[in-house]
Amino acid sequence: MPELPEVETIARGLQKRVAGDIIESVWIGERTQVLKSSAQEIASMLEGARIERVQRVGKHIAIDLSESKAVKGKHAPRGQWIVHLGMTGRVLIAEPGHETAKHTHLVAQLGSGKELRYVDPRMFGKLHVVAGNFAAPGAEPINVDRDVFAKIFHGRKTPIKAALLNQKLLSGIGNIYADESLFRSGIRPRRRTASLTRANLMRLYDAIQDVLAEAISAGGSSVSDYVDADGQAGFFQLQHRVYGREGEPCLKCKTPIKRIVIGGRSSHYCPKCQK
């Protein structure tokens, strides 16, 4: 499933390519599994709207929409189009003449002539619209204050890996970046969150900031179906130190990387470097 760096990369790409464009018409397919709002609600919100801004909120892409006609130089807000990519969802910019991929569920025809297409083979993603501003349930990992971060995790009895994946605490971190951050901070994924000292939590905070920044700079990790808005793969998977490296030597101490399961999710760590 695309995590924060992948969603951030897509949102930034869309912002550069479609902000200020007008959605002239919308085609929505028959598979309603990807629709959290009705097709009628989505079409009504999108058609004739101006794309004001594209941003990431947690693991969601939030597309701010306004009225296409300005009044006294201002475009009145209309609402937001929210995209959750699920496991295989893609938001792509395409020319009208390009072949429409199988499993395309929505095509927005833009005034510039480009098309915004949502493609999702496994249909775990969701599309919906909101009248106000969409908010993620947890804190934003990139912007969260150090003290707030410490308070979020202080005294929790769950393993730290499970706590990092809890989107009600932090919104955006998933399996890949939790494993990579725990490795860099020297913390085992099974370690009880309550056992972590403030110094441990501050090392983890710094590791999360570094890992997310590096991953965004590399365009995210393409370990499955992920591509950005232009259909290009990311490169951070080439920098993974533990994720997906079960049995391979640790890049620091050469100890074989172990894989365990916590809460039904794979976790990768170095048994020597992480305590």
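**Exercise 1. Contacts along the chain**

Among contacts in the protein chain between residues at least 6 apart in sequence, what percentage join residues at least 24 apart?

*Solution.* The model under study is a predicted one. Consider the contacts that link residues at least 6 apart in sequence; of these, 64% join residues at least 24 apart.

**Exercise 2. Overall form**

Describe the protein chain by its secondary structure, its dimensions and its burial.

*Solution.*
1. Begin with the secondary structure: the protein chain holds six helices and 10 strands.
2. Next, compare the radius of gyration with the globule rule. The radius is 20 Å and the rule gives 19 Å for 275 residues; the two are close, so the protein chain is as compact as a globular protein of that length.
3. The C-alpha trace spans about 60 × 40 × 30 Å along its principal axes.
4. Of the 275 residues in the protein chain, 53% are buried.
5. Finally, the protein chain exposes about 13000 Å², and carbon and sulfur atoms supply 50% of this area.

**Exercise 3. Charges**

Determine how far apart the mean positions of the positive and negative charges lie.

*Solution.* The protein chain carries 41 positive and 28 negative charges. The mean positions of these two sets are 10 Å apart.

**Exercise 4. Cysteines**

Explain why neither Cys 250 nor Cys 253 forms a disulfide with Cys 270.

*Solution.*
1. Recall that a disulfide is a covalent bond between the sulfur atoms of two cysteines.
2. The cut-off required here is that the two sulfur atoms lie within 2.5 Å.
3. For Cys 250, the closest cysteine sulfur belongs to Cys 270 and is 3.7 Å away, which is too far for a bond.
4. For Cys 253, the closest cysteine sulfur is again in Cys 270, at 3.5 Å, and this too is too far for a bond.
5. The count of disulfides is zero.
6. As to their surroundings, Cys 250 is buried at 1% relative accessibility, whereas Cys 253 is partly exposed at 22%.

**Exercise 5. Positive phi angles**

Locate Met 123 and Lys 254, and state whether each is buried or exposed.

*Solution.*
1. Met 123 is not a glycine, yet its phi is positive, at about 60 degrees. Met 123 sits in the loop between β7 (115–119) and β8 (126–130).
2. With 14% relative accessibility, Met 123 falls under the 20% limit and therefore counts as buried.
3. Lys 254, also a residue other than glycine, has a positive phi near 75 degrees. Lys 254 belongs to the loop between α6 (198–217) and β9 (258–262).
4. The relative accessibility of Lys 254 is 59%, which is over 50%, so Lys 254 counts as exposed.

**Exercise 6. Two loop residues**

Characterise the positions and contacts of Gly 172 and Ile 142.

*Solution.*
1. Gly 172 lies in the loop between α4 (160–165) and α5 (175–185) and is buried, at 0% relative accessibility.
2. Leaving aside residues up to four places away in sequence, Gly 172 touches Glu 3, Leu 4, Gly 58, Lys 59 and Gln 167.
3. Ile 142 is placed in the loop between β8 and α3 (146–153). Its relative accessible area of 31% makes Ile 142 partly exposed.
4. With the same exclusion of residues up to four places away, Ile 142 touches Leu 4, Arg 56, Gln 209, Leu 212 and Ile 216.
5. Ile 142 and Asp 210 are 68 residues apart in sequence, while their C-alpha atoms are 9.7 Å apart in space.

Technical notes:
Residues are numbered from 1 along each chain as its sequence is written. This is a predicted model: local features need pLDDT of at least 70, side-chain atom pairs count only at pLDDT 80 or more; totals for chains, interfaces and linings use all residues. Side-chain values use heavy atoms; hydrogens and water are left out. Helices (H or I, at least four residues) and strands (E, at least two) are DSSP runs, numbered from the N terminus. The radius of gyration is taken over C-alpha atoms; the globule rule is 2.2 Å times the number of residues to the power 0.38. Buried means under 20% relative accessible area, exposed over 50%, partly exposed in between (1.4 Å probe, protein chains only). Contact means heavy atoms within 4.5 Å. Accessible areas come from the Shrake-Rupley method with a 1.4 Å probe; for residues, only the protein chains shown count as cover. Lys and Arg count as positive and Asp and Glu as negative; His and the chain ends are not counted. The place of a charge is taken as NZ of Lys, CZ of Arg, CG of Asp or CD of Glu.
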